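Okay, thanks for making time, everyone. I'll put the structure up and then walk through it piece by piece.

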Amino acid sequence: MVTITTIPTTQTAIWVDQPGESALITLRDDVPVPTPKENDILVKIECSGLCHSDVYNMMGHHPMDVHIPGHEGVGVIVQMGSRASQVGNLRLGQRVGIKWIHETCGQCPACQRNNTVCPRQHNSGRDRDGTLQQYLTVPASHATPIPDGISSEVAAPLLCEHADDMVAGLTMYSAVGKCRTQNGDWIVIQGGGGGLGHLGVQIAVQKGLKVIAIDGEDKRNFCMGLGASAFFSFADPDLEQKIKSLAEDFGAHAVVCSPGSEAAYNQGIKLLRPGGTLVCVGLPSNGSYTMPLRPIDMVNRGLHVIGSAVGTEAEMQELLKLASTGAIVPQIEVMPLSQYAEAIEAVKTSKASGKIVLKMP
Ligand SMILES: [Zn+2]
Ligand SMILES: [Zn+2]
């Protein structure tokens, strides 16, 4: 085992007891610092995003078998297990990100193709202690190197892969990548001014697509400022016709639906041109909602429909590279860890103006 600095035996962490409506959430400073196993690294966390899904875990809406939440951590490698340096070219002192996917089995048929759907995966803040602590271990193979030129605070929310979250960079990068578009094609980003959508607009612009952002009228200037070619209010009664005329009288090549709204899906499907692709991202709260798509629409219009939640490590690296040039800027609000209670409340009530990133002491 190699070590870069003196490592304390205890550390500070957000500690959740009995997840549920009346969960007891405290800041503890007596949490043992874990010791990396031979393939693990120990990371000293600088900051970690606080996600809607973390708060859902704390409130008992999603399963949480550990005490420490968080899945968007960025920090520095301070200790390496005896074999960790042979994995992924990692070195002491390097900055890495720790994501929702903490570890996958690497053996199953899913892992052979796309390990993001591994049924035996472990997840940060679900069944592995999360990133809202000062020190944590992760398999070296599952840490994401963070390039220079991007601050840890900006990198943290880009690591997120939760569609129910406000700012989830990897989710949107993967969604835009699934659009089957070519340079210069028209893409509609529904909810373009929202936490997911504002990243989607920037990513699509960077990929050479012409972006039509849809959102409430108050988001017009924000979306156009992000590089959208056009903006329409979702309440515009002539929306369908206007988008069709704008896009060669055909409609959009792709639509990414980021709001978790039935109305958005009903509207989005109508904006596609023949052969177009709908990417589902937002999840309507009514879980039994079905989209109005008949087999004849699929046959005669040749539509494609796909969902997107989790992106691959290759997509993660592409996104971080783009962000390190300043081409993609997530909206964030940085707070010290000591203000965790206020931060959780702001996420719970959707009062934060961007993704909250908590800075470790
Ligand atoms: Zn697997
Ligand atoms: Zn997240």
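So, let's start with a question: which residues does alanine 84 touch, not counting residues up to four places away in sequence? The list is Glu38, Asn39, Asp40, Ile41 and Ala140. Before I go on, one thing to keep in mind: this is a predicted model.

Staying with alanine 84 for a moment, where does the residue sit? You'll find alanine 84 in the loop between β5, residues 73-80, and β6, residues 95-98. It's a loop residue, but have a look at the accessibility: alanine 84 comes out at 0% relative accessible area, so it's buried. If you want a ruler for the picture, take alanine 314: in sequence it is 230 residues from alanine 84, and in space the two C-alpha atoms are 20 Å apart.

Okay, zooming out to the whole chain. We've got eleven helices and 18 strands. The radius of gyration is 21 Å, close to the 21 Å the globule rule gives for 361 residues, so the chain is as compact as a globular protein of that length. For those of you setting up boxes, the C-alpha atoms fill roughly 65 × 40 × 35 Å along the principal axes.

How much of the chain is buried? Of the 361 residues, 53% count as buried. On contacts, if you take those with a separation of 6 or more, 67% of them are between residues 24 or more positions apart. On the surface side, the chain exposes about 15,300 Å², with carbon and sulfur atoms supplying 51% of that. And for the electrostatics people: there are 28 positive and 35 negative charges, and their mean positions are 6 Å apart.

Next, domains. The domain assignment gives two entries: domain 1 is 2-160 plus 331-359, and domain 2 is 169-307. So how far apart are the C-alpha centres of domain 1 and domain 2? That's 31 Å. As for what passes between them, five residues of domain 1 are in contact with six residues of domain 2.

Let me pick out one helix, α4, which covers 169-177. Is α4 largely enclosed or not? Eight of its nine residues are buried, so α4 is largely enclosed by the rest of the structure. The buried ones run through Gly169, Leu170, Thr171, Met172, Tyr173, Ser174, Ala175 and Val176. What's doing the covering? It includes helices α3 (152-158), α5 (197-206) and α10 (313-324), along with strands β11, β14 and β15 (272-280).

Right after that helix there's a backbone oddity for you. Arginine 180 has a phi near 55 degrees, which is a positive value in a residue other than glycine. Arginine 180 sits in the loop between α4 and β11, the latter being 186-190. And there's another one: glutamate 248, also not a glycine, has a positive phi of about 55 degrees. That residue is in the loop between α7 (239-246) and β14 (252-257). Glutamate 248 has 47% relative accessibility, so it counts as partly exposed.

Last stop, a quick tour of three more loop residues. Proline 34 is in the loop between β3 (24-32) and β4 (40-50). Its relative accessibility is 27%, so proline 34 counts as partly exposed. What does proline 34 touch, leaving out residues up to four places away? Gln11, Leu42, Tyr135, Leu136 and Thr137. Then compare positions with glycine 20: 14 residues from proline 34 in sequence, and 26 Å away in space, C-alpha to C-alpha.

Glycine 20 comes up again with glycine 60. Setting aside neighbours within four places, glycine 60 is in contact with Pro19 and Gly20. Glycine 60 lies in the loop between α1 (52-58) and β5, and with a relative accessible area of 40% it's partly exposed. Its C-alpha is 38 Å from that of valine 205, which is 145 residues along the chain from it.

And the third is serine 288, in the loop between β15 and α9 (295-301). Buried or exposed? Serine 288 is at 60% relative accessibility, and with exposed meaning over 50%, serine 288 counts as exposed. From serine 288 to lysine 348, the C-alpha atoms are 24 Å apart, with the two positions 60 residues apart along the chain.

That's my tour; happy to take questions.

Note on methods. Residues numbered from 1 in each chain as written. Chains lettered and ligands numbered in written order. Predicted model: local features only at pLDDT ≥ 70, side-chain atom pairs only at ≥ 80, totals over all residues. Heavy atoms only, no water. Helix = DSSP H or I, 4+ residues; strand = E, 2+ residues; numbered from the N terminus. Rg over C-alpha atoms; globule rule 2.2 N^0.38 Å. Buried < 20%, exposed > 50% of the residue type's maximum accessible area, 1.4 Å probe, protein only. Contact = heavy atoms within 4.5 Å. Areas by Shrake-Rupley, 256 points an atom, 1.4 Å probe, with all protein chains shown as cover. Lys, Arg positive; Asp, Glu negative; His and termini not counted. Charge placed at Lys NZ, Arg CZ, Asp CG, Glu CD. Domains from an automatic or database assignment.
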